[in-house]
Amino acid sequence: APEAAPAAAATECLPGIIPGKTSRAEALARLGAPLGTSQEGTQEILSYASATYGQLNSVVIENGTVTLISLIQPQNQPLAWSTVKQQIGEPAFKAYSEYAEGSRIFAYPGLGRSYVADEKWDAVFIQECFAPTTLDKYMALYGSSLPAQDPFDW
């Protein structure tokens, strides 16, 4: 049996929508019509309103199945990065992020989670959920699109 995921990781990104299992039709039935859709290669991206004005949550569909959920955290109630880290430990992988100056991506492929957070401000900006995978597979899927150096350091 897989090890029990700690509370922070066990929380679904979107209730009842499980990356790797939930179909596009099930996601639409649960979430309703998206504000917009876009196509990137074989992926369809459904956009939904978030708690932060001007930023959208996204649900990525590939081959008729949800593969990734990206949720913008509410600015007035940010998730504390220290709390997440305390609950699920050190990330398997860290990368720079283009989201905001000082933000980094902290990935937990085995838990199917990644976070865009700022350690200095102790705030999580984005939580992403995907089907749990190995670090190698995570890097193959997402690694090539991550900045190799700080995009704000110029």
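**Exercise 1. How many of the seven residues of β2 are buried?**

Work it out like this. This is a predicted model, so everything below is read from a prediction.

- Step 1: Go through β2 and sort its residues by accessibility. Five of the seven turn out to be buried.
- Step 2: Draw the conclusion. With that count, β2 is largely enclosed by the rest of the structure.
- Step 3: Try one residue yourself. Glu44 sits in strand β2. Its relative accessibility is 15%, and buried means under 20%, so Glu44 counts as buried.

**Exercise 2. Find out what surrounds Glu44.**

Stay with that residue and look outward.

- Step 1: Check its side chain. It makes a polar contact with the side chain of Arg24, at 2.6 Å.
- Step 2: List the contacts, skipping neighbours within four places in sequence. Glu44 touches Arg24, Thr37, Ser38, Gln39, Val59, Val60 and Ile61.
- Step 3: Pick out the bridge partner in β3. For Glu44, that is Ile61.

**Exercise 3. Trace the two hairpins that involve β2.**

Take them one at a time.

- Step 1: Begin with β1 and β2. They run antiparallel and are joined by five bridges. One pair to look for is Glu40 with its partner Gln43 in β2.
- Step 2: Look at the turn. Two residues lie between β1 and β2 in this hairpin, and Gly41 in the turn has a positive phi of about 60 degrees.
- Step 3: Move on to β2 and β3. These pair in the antiparallel sense over seven bridges.
- Step 4: Inspect that turn too. Here six residues separate the strands of the hairpin, and Gly54 in the turn takes a positive phi of about 85 degrees.

**Exercise 4. In what order do the eight strands form the open sheet?**

Now zoom out.

- Step 1: Walk across the sheet. The order is β1-β2-β3-β4-β8-β7-β6-β5, with antiparallel pairing.
- Step 2: Find the edges. β1 (36–40) and β5 (93–96) stand there with a single partner strand each, so one side of each has no neighbour in the sheet.
- Step 3: Add the twist, which averages 20 degrees from one strand to the next.
- Step 4: See what packs on the sheet. Helix α2 (residues 24–31) touches β2 (43–49), β3 and β4, and its direction makes about 10 degrees with that of β2.
- Step 5: Check another pair of strands. β7 and β8 run antiparallel, joined by six bridges, and Ala117 has Val124 in β8 as its bridge partner.

**Exercise 5. Which cysteines form a disulfide?**

There is one disulfide to find.

- Step 1: Locate the sulfur atoms. Those of Cys13 and Cys129 are 1.8 Å apart, and the two residues form a disulfide.
- Step 2: Place the partners. Cys13 lies in the loop between α1 (7–10) and α2, while Cys129 is in strand β8, so the pair ties together parts 116 residues apart in sequence.
- Step 3: Get the handedness. The torsion about the S-S bond of Cys13 and Cys129 is about 80 degrees, so the disulfide is right-handed.
- Step 4: Ask about burial. Both Cys13 and Cys129 are buried.

**Exercise 6. Compare two non-glycine residues that have a positive phi.**

Both sit in loops between strands.

- Step 1: Asn63 is in the loop between β3 (56–62) and β4 (65–72). Its positive phi is about 55 degrees, although it is not a glycine.
- Step 2: Asp122 is in the loop between β7 (113–118) and β8 (123–130). Its phi is positive as well, about 55 degrees, and it is not a glycine either.
- Step 3: Check accessibility. Asn63 counts as exposed at 75%, whereas Asp122 is partly exposed, with a relative accessible area of 28%.

**Exercise 7. Where do the buried residues of helix α3 point?**

Finish with a helix.

- Step 1: Name them. In α3 (residues 81–88), the buried residues are Trp81, Val84 and Ile88.
- Step 2: Look down the axis of α3. Its buried residues fall within an arc of 65 degrees, so they line one face of the helix.
- Step 3: Recall the general rule. An α-helix has 3.6 residues a turn, so residues three or four places apart point the same way.
- Step 4: Step just past α3. There you meet Gly89, with a positive phi of about 85 degrees.

Technical notes
Residues numbered from 1 in each chain as written. Predicted model: local features only at pLDDT ≥ 70, side-chain atom pairs only at ≥ 80, totals over all residues. Heavy atoms only, no water. Buried < 20%, exposed > 50% of the residue type's maximum accessible area, 1.4 Å probe, protein only. Helix = DSSP H or I, 4+ residues; strand = E, 2+ residues; numbered from the N terminus. Arc of directions from axis to C-beta. Pairing = 2+ DSSP bridges. Axes fitted to C-alpha atoms, helices over the stretch in contact; angles between N-to-C directions. Contact = heavy atoms within 4.5 Å. Disulfide = S-S within 2.5 Å. Polar contact = N/O pair within 3.5 Å; in protein donor to acceptor, adjacent residues only side chain to side chain.
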